[in-house]
Amino acid sequence: MLRLTFPLAALGLVLGLAAPAQARPCDAACVTAAGEAVFEALRSGAPGKAIPSGARLTENGRDIRPADSQLFAIRRLTYRQTITEPSAGAVGIVGAAEAAGGPAVFAVRVKLKGERAVEIETLVTRRTESA
């Protein structure tokens, strides 16, 4: 019986049948870095590694693609505040900016699972719009 058990266990490890690895906890510095990376990815319009393909991204209540975010229009930040909650795996960034088309205020909420963004929610409001 011992001979059969070992090969089956080895086969399970090779095929990836072992228990999934737990996500590493993310401390305040990690949460802040992840939030900054997501924010910069939205500003650049390129998701890169900061916005995984399975992450849900919404802006003003609608599902969007990273390249469609209004944060891509930001030319210069005029105010920015980052709020972290490592125990909940969350970070928020709020601020004001000069954007193509005039001033805008924004908020970004990033929910993390370990160090990976799983939910990204943004709100962007311009002078002629109401929040």
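1. Arginine 65 counts as exposed because its relative accessibility is 54%, where exposed means over 50% relative accessible area, buried under 20% and partly exposed in between (1.4 Å probe, protein chains only). Its side chain meets that of aspartate 68 in a salt bridge, at 2.9 Å from N to O, the term being reserved for a side-chain nitrogen of Lys or Arg within 4 Å of a carboxyl oxygen of Asp or Glu. Aspartate 68 is itself partly exposed, with a relative accessible area of 41%.

2. A note on the basis of these values: this is a predicted model, in which local features need pLDDT of at least 70 and side-chain atom pairs count only at pLDDT 80 or more, whereas totals for chains, interfaces and linings use all residues. Residues are numbered from 1 along each chain as its sequence is written, and side-chain values use heavy atoms, with hydrogens and water left out.

3. The chain holds 2 helices and 6 strands, which follow one another along the sequence in the pattern α-α-β-β-β-β-β-β; helices (H or I, at least four residues) and strands (E, at least two) are DSSP runs, numbered from the N terminus. An open sheet of 6 strands has the order 2-1-6-5-4-3, with mixed pairing, two strands being counted as paired if DSSP finds at least two bridges between them. Strand 2 (62–63) and strand 3 (74–85) are the edge strands, each pairing on one side only.

4. At the strand 2 edge, strand 1 (residues 56–59) and strand 2 run antiparallel and are joined by 2 bridges. Glutamate 59 has arginine 62, in strand 2, as its bridge partner. In general, strands of a sheet pair through backbone hydrogen bonds, either parallel or antiparallel.

5. Which strands does helix 2 touch as it packs on the sheet? Helix 2 (residues 28–44) touches strand 1, strand 3, strand 4 (90–99), strand 5 (102–113) and strand 6 (116–126), with contact meaning heavy atoms within 4.5 Å. The direction of helix 2 makes about 155° with that of strand 3; axes are lines fitted to C-alpha atoms, for helices over the stretch in contact, and angles run from 0 to 180 degrees between N-to-C directions.

6. A search of the whole structure finds 1 disulfide, defined as a pair of cysteine sulfur atoms within 2.5 Å. It is formed by cysteine 26 and cysteine 30, whose sulfur atoms are 1.8 Å apart. The torsion about the S-S bond of this pair is about -90°, so the disulfide is left-handed. Cysteine 26 counts as buried at 10% relative accessibility, and cysteine 30 counts as buried at 17%.

7. The count of salt bridges comes to 7, and arginine 109 takes part in more than one of them, with glutamate 119 (2.9 Å, N to O) and with glutamate 121 (closest N and O atoms 3.1 Å apart). Arginine 109 lies in strand 5 and glutamate 121 in strand 6, so the pair ties together parts that are 12 residues apart in sequence. Arginine 109 is partly exposed, with a relative accessible area of 32%, as are glutamate 119 at 35% and glutamate 121 at 34%. Elsewhere, Glu36, Glu40, Arg43 and Arg80 are joined into one network by salt bridges that share partners.

8. For the chain as a whole, 34% of the 131 residues count as buried. The chain exposes about 8,400 Å², of which carbon and sulfur atoms supply 59%, accessible areas coming from the Shrake-Rupley method with a 1.4 Å probe.
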